[in-house]
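Biologist: I should be grateful for guidance on how to read a structure that is new to me. May we take its features in turn?

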Amino acid sequence: MIITRRGLAGLALTPLAAAAQTATPRRGGTIIVAQCSANRFVASAQTARHPYFTVDLTTRIPYNALVWVDREMRLQPELATAWAPASADQSVWDITLRPGVRFHDGTPLRAEDVVASYELHRQRNFASGQIQKIEAMADGRVRFTLDAGNSEFPYVLAEYQNMIMPAAPVETIGNTGIGTGPFRFASTDPNRIAVYERNPAYWREGFPYLDRIELHNREGQQETALAGLRSGQFDVVMTIDPRSVRGLQRDADLVVDSGGGGHHYVIQLPKHPGSPFEDKRVRQALALGVDREAIVRLVYGEGNGWVGNDSHLVAADPNFLALPRIPRAEAVARARALLAAAGHPNGINLGTLYWSPQSPEVGRYFQVLQETAREAGLTMALEQRPADGYVQFRTGDNDFSKGSFHRFAMTAVGPRNPGISLFRMRDAFVESGHWRGPQHDAYMALYAQAMREGDAQARSAMFSQMQRILHEEVPALLPAGTMTFSVRRRHVHGFEFHPQIWSVRFDEVWRG
Amino acid sequence: MISLVLRRGALSLVTLFLLASFIFFATEVLPGDALDVSLSADEIAMMPPEVLARRRAELGLDRPILERYTSFLGGLLRFDLGRTIITRAPVADIVAMPLRNSVALAGLTLLLALPVALAIAMAAAQAKGRLLDNAVSGAAIIGYSIPEFVTGLLLIAVFAVWWPLFPATITASTDDPLSVLLAAAPLAVATTIIGSIAYLGRILRVGLIEVMAADFVERLHLSGIPRWRILWLHALPAAMIPGLSAAALYAASLVSGVVVVELVFAYPGIGAELVRAVTRREVHVVQAIALAAAVCVVLFNLAADLGIVALDPRTRRS
Amino acid sequence: MRWGWMRREVAVADPVLQVCDLSIAWCGPDGRANRVVDGVSFDLAAGGTLGIAGESGSGKSTLARALLGHCRAGSAITSGSIRLDGDDLAALSEPELARRRGRLMAMVPQNPLASLTFHMPVGRQLEEVLRWRAGLSASAARLRAVELFGQMGLPEPERLARRYPHQLSGGQRQRVVLACAIACDPLLLVLDEPTTALDKTTEAQVLDLIRRLRAARQGAMVIVTHDLNVVADICDRVLVMQHGRIVEQGAVGTVFAAPREAYTRVLLGAALRVEEASRASCASRTAPGPALLEIAGLGFRYARPSLLRRAPLGPPILDNIGLTLARGEVLGVIGESGSGKTTLGGIVTGLLAGQAGEVRFDGAGLPGLAARRTREQRRRIQMVFQDPLSSLNPRRRVGDAVMRPLRLFHGLDQREAARRAAALFEDLGLESALLSRFPRQLSGGQQQRVAIARAFAAEPDLLICDEITSALDASVQAQVLDHLAAMQRRQGTAMLLITHDLSVVWRMARRVAVMQGGRILETGQTEAIFRNPANPYTAALLGAATRAARAGQPELVDTKG
């Protein structure tokens, strides 16, 4: 069975309310968790407890960030109880800290700790470079000054590396593994195992339920992890391949949880002179010709995937604006008509689409894409490239005058807030295929406006308008994506998976 | 004899130097670098090009290749394998324990597999062409040709999931005592042993059958010398000689190359560490592991050469 | 020395061994039985010595093994009996046979080097027989082994016992194998080709030893050989085999003096060649041209293995050698093993580098090692070795071996090279179908002709042949030499013919150089030297070689030793 709970009672209440449970939670016990997603950083004995390097995607076991993104991609308070822009252009933000929070070593959380933590994040975290200045204010609040307005700045405060650590110099901060999270480090085997024990002084009163979590890294070794699950060694396996979901659902001892959201792929459409994608009608024909539902059905299985809308937003995002549904026959006919109007009455050859095996299903994904596009008269060759050096191969030189171009190629996209996701379609970034022109300028003007707009509803309207521009212009193709999945043994309760796999929490997990 | 050993030793050192240089250039010319692969597309989307360039410079990824080569060789002379690029941790610390674990797995495998392989080979050679030999040869070919991950998954399915006798995956830590680690890894050991018995058994069987057809065996047979003496004292040492080099290479490959078994069982060995380092482009770790593997190959070869010299007096002339 | 159950009086007239209608068949891969010994019957009295003669493939070795109740895997006794000391060996079980082997009957196998365990000192190998077959204690076996080695005429038996087979000379190995076989004083001793691998002088010494052993023992002896000289030398009866059947048997004197069967005459003809070989066919007798190879003052010593660079040199292997060879001339170099003749060949071909003197080829100085020579020099000097198998890559087809020099030296393309290789094969009497075979799939004679074809493929000016016929049967020898002579005549190649077999020199070479102890004793016209040897050593060499020719004259054959 798949459990997809919508409308979770989030962390908005203080203290955070537990999700509705059918049974009374039991205290104590240990669960053993395996996770299969790639750990991109290499931990060492010295850094294994650092939020940047510990076993990936589990930072919210020992740590907390200021803000948490819930399963509906909404902002929820974590160590910050309130956040508000202090300037009209949204470039200065004041954060109110939760009172009474203590680190694992007993020291209280202070504004200085947040300042010291963000000194590191400012320099190292990919999303935090916009922070110009962090100050502890006299009233205990923290002020962030940005290089430009960003109405979605609180999403940055929820990013997976941006955990709050006790103040220390940038060179050594975080190495102790001390955080404010529900569990504290008991031992680590870098890149392999982290063992956590209950934090009795956790700020969410009554949580966590468990005494202990053992976390085993099984990145790229799903078979091993599932064998461990079936033999009873593991209680939970996180981030499994959507393809294995059906087989696991047949096992009565196991429960498959879907986190929604998940990853999808962007296909860059280079628009330099001479490229077939220079002509908007070809791009539109491609958007129509690719059978997105067939990809979902054949690659992920019905219910395990979702249809994309050629923006970087995932379907789980509340701002996601779905494409209008067009019957397949009509879509093909319209695609062919567009090609004919563009001077390709007998179809068009788009050249080679390059792909790299970033997930196990990529090969099949692009085969289905290639086959369905052919039905609409768009032919292309597929070529696999090694993961090593793929970035350089895919991006090439952005500058047309130097004569080397980025490629007609794919790459994976994760679920983020609109502020980050919609910014990826800018001219200066390769994923847009260096999209230019008045429509692009209109798109970016809307983006700048939204980033300065304080009102969420007004902002959402602007995001919708931006997606409409993308539907019409198709600067890049983002056909379909999958959801995230985890599997657990039946006796594990209170565990919920998440579209952003790094935002999974273990506060409310208990063992039946 | 001593000069022979010294000469082989010197030759081994030269081989190692050449291998080290080869390893360096082979790893350095690969496309991509540690920074690229440590970032996801999402992260690259957000990082301005000048930040990427600054971080690349901080990590020393923009140094010229010759400079890196000389510092690499200089480090080797001081037994300093360098530091990892992203975390700046000493490479030696990262490689030491997995190397110990792999050597232990290989050692235990050989220790258990050799006597069994020997017994099987002798039984098969004795019964050449008959049912027992055909059964053993067939089993060996099957055992050798089935990929280790299939054997491993099969063992897991039978002895961990279906009939839960042993753990399916190894949850022991990298630096646990070897007794704890190996006790947690019975199925991993079994998998490598099955492949090893099949491989070593085949080599030994072929060698024995060849030797059992030799003139000196016939002479002994016609002198009425008991069969067991012929087999153990005359045929076996002679049969070991051709197999020794192959067995040495196999032992070296066990240390460096049971990646598949390590991944299937999550055994914390050097092979899994290599895979991780390659996918992370942690060049110094890759170099260190490749070097360790090269040292193993060279050492085992040296041991095999010396073993052959000990077994075969004909090779003792210089 | 005799042990309890064997100690019984054997009446001289009583046959010790009675072979009756014995047939042995090999089961071919197609399942068809192929008889290699076919209805053989003979008796052997105690004290008698029987020679079994025949070419390879005549079934004589299979018969020899059957006399110990042994058939190699794939073969079996299909009928008949072998009665030894009252029992029928053909009917005994393997453990019963094992109890008798070594004690009642023993065998001296064909190739003593391969028949000794290479990784065990020879003393231990003899002690093993003494302990396990004669029942001696470890210390008694050690003493007895040294004693036996001494009786075998081995020098310094105690030191020698600690050495490995490869450290002994061919003659010494043969004596070790003999010692192992007679360690329990068996009733029947079977010797399979006891002298084939030996040079003439050593052969004479070993035969002398066998003769003495026979005199000292009461048991019977069977000697299997293709060499009628040996039969003539020590057997009192002979049995000639062809295609598994006995074609003729009788007393040696009678059979050799008046052979009834044509085949016996052919065999005798091969042995008698030293005396009667026709010399008309030899092209090398044409007038020699200008000097092609000049060797002056050549010396060679092996470096002693040492850590230090400036190692003292070993004893001289070659000492002040001087030789001249004209274009198209064939020069025989004879001498027993250890005389330095192979080293001389090695220096000319560039396998070794001499330390003193000079080697000039076609008027120019010839660099020592082949690696320093020009490709053209390497092409012009080719070599054929004693053992073709060791010089042909077993994993490559023989056609490739012949085509390689054609492509390397003459730059021929694949098709042209294949055509030339086929032509060369034809010249040497080999079917072109053999081109695609691997060396092991050919007979010894065919292998040697392939090696010759490869050498001639380079169209050399000088060919060095080192004992090229000594591993071959008598009749095959003649075939190979005929083809060699024809090729030599056709290409006008000069040859350095290194051999211990005087009949080869007699057939092929107009001039001969006699070597001993690294020096050249005499050089001259073959005929003059063979008829009137000036040097006593040459005379001894010739004497050893020509006994078979005189075997027909009974007064020269002392069968009772």
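Biologist: What is the mean pLDDT of chain C, and what percentage of its residues reach 70 or more?

Modeller: Please bear in mind that this is a predicted model. For chain C the mean pLDDT is 80, and 86% of the residues reach 70 or more. Residues 1–12 of chain C have a pLDDT below 50, and this stretch has 22 contacts in the model beyond near neighbours in sequence. Residues 305–310 of chain C are also below 50, with four contacts of that kind. For the model as a whole, the scores are ipTM 0.82 and pTM 0.70.

Biologist: Which pair of chains has the most contacts?

Modeller: Two pairs of chains touch, and chains A and B have the most contacts between them. Chain A and chain C do not touch, their nearest C-alpha atoms being 38 Å apart.

Biologist: How should I describe chain B on its own, starting with how many helices and strands are in its secondary structure?

Modeller: Chain B has 15 helices and zero strands. Along the principal axes, its C-alpha atoms fill a box of roughly 85 × 60 × 30 Å. Chain B has 318 residues, of which 52% count as buried. One may also ask how far along the sequence the contacts reach. Among contacts in chain B between residues at least 6 apart, 76% join residues at least 24 apart.

Biologist: How many disulfides does the structure hold?

Modeller: A disulfide is a covalent bond between the sulfur atoms of two cysteines. Over all chains, this structure holds zero disulfides. Individual cysteines can still be described by their accessibility. B:C296 has a relative accessible area of 12%, so it is buried. C:C71, at 23%, is partly exposed, because the cut-off for buried is under 20%.

Biologist: How many salt bridges are there over all chains?

Modeller: There are 58 salt bridges over all chains. For each one, I suggest asking where the partners lie and how accessible they are. A:D94 and A:R141 form one such pair, with N to O at 3.9 Å. A:D94 is in strand 6 of chain A, whereas A:R141 is in the loop between strand 7 and strand 8; the partners are 47 residues apart, and the pair links distant parts of the chain. A:D94 is buried at 7% relative accessibility, while A:R141 is partly exposed at 29%.

Biologist: Which parts of chain A does the pair A:D257 and A:R488 tie together?

Modeller: The side chains of A:D257 and A:R488 meet in a salt bridge of 2.7 Å, N to O. A:D257 belongs to strand 13 and A:R488 to strand 21, so this pair ties together parts of chain A that are 231 residues apart in sequence. Both partners are buried.

Biologist: Where do C:E376 and C:R379 lie?

Modeller: Both are in helix 14 of chain C, three residues apart, which is about one turn of the helix. C:E376 forms a salt bridge with C:R379, with the closest N and O atoms 2.7 Å apart. C:E376 is partly exposed, at 41%, and C:R379 is buried, at 13%.

Biologist: Which residues of chain A are linked in a network of salt bridges?

Modeller: The network links A:R60, A:E78, A:R204, A:R505, A:D507 and A:E508.

Biologist: At what angle do helix 16 and helix 18 of chain C pack?

Modeller: Helix 16, residues 398–410, and helix 18, residues 444–457, pack at an angle of about 10°, and their axes are 8 Å apart. The two helices are therefore roughly parallel, because angles under 35 degrees count as such. Helix 16 contributes C:V398, C:A401, C:V402, C:P405, C:L406 and C:H410 to the contact, and helix 18 contributes C:V450, C:A453, C:R454 and C:A457.

Biologist: Is C:Q448 buried or exposed?

Modeller: C:Q448 is in helix 18 of chain C. At 0% relative accessibility, C:Q448 counts as buried. Leaving aside neighbours within four places in sequence, its contacts include C:V384, C:F385, C:Q386 and C:P388, as well as C:I468, C:L472 and C:V480. Sequence separation and distance in space may be read together here: C:Q448 and C:M487 are 39 residues apart along the chain, and their C-alpha atoms are separated by 14 Å.

Terms used
Residues numbered from 1 in each chain as written. Chains lettered and ligands numbered in written order. Heavy atoms only, no water. pLDDT = per-residue confidence, 0-100. Contact = heavy atoms within 4.5 Å. Disulfide = S-S within 2.5 Å. Buried < 20%, exposed > 50% of the residue type's maximum accessible area, 1.4 Å probe, protein only. Salt bridge = Lys/Arg side-chain N within 4 Å of Asp/Glu carboxyl O. Helix = DSSP H or I, 4+ residues; strand = E, 2+ residues; numbered from the N terminus. Axes fitted to C-alpha atoms, helices over the stretch in contact; angles between N-to-C directions. Parallel < 35°, antiparallel > 145°, perpendicular 65-115°, else oblique.
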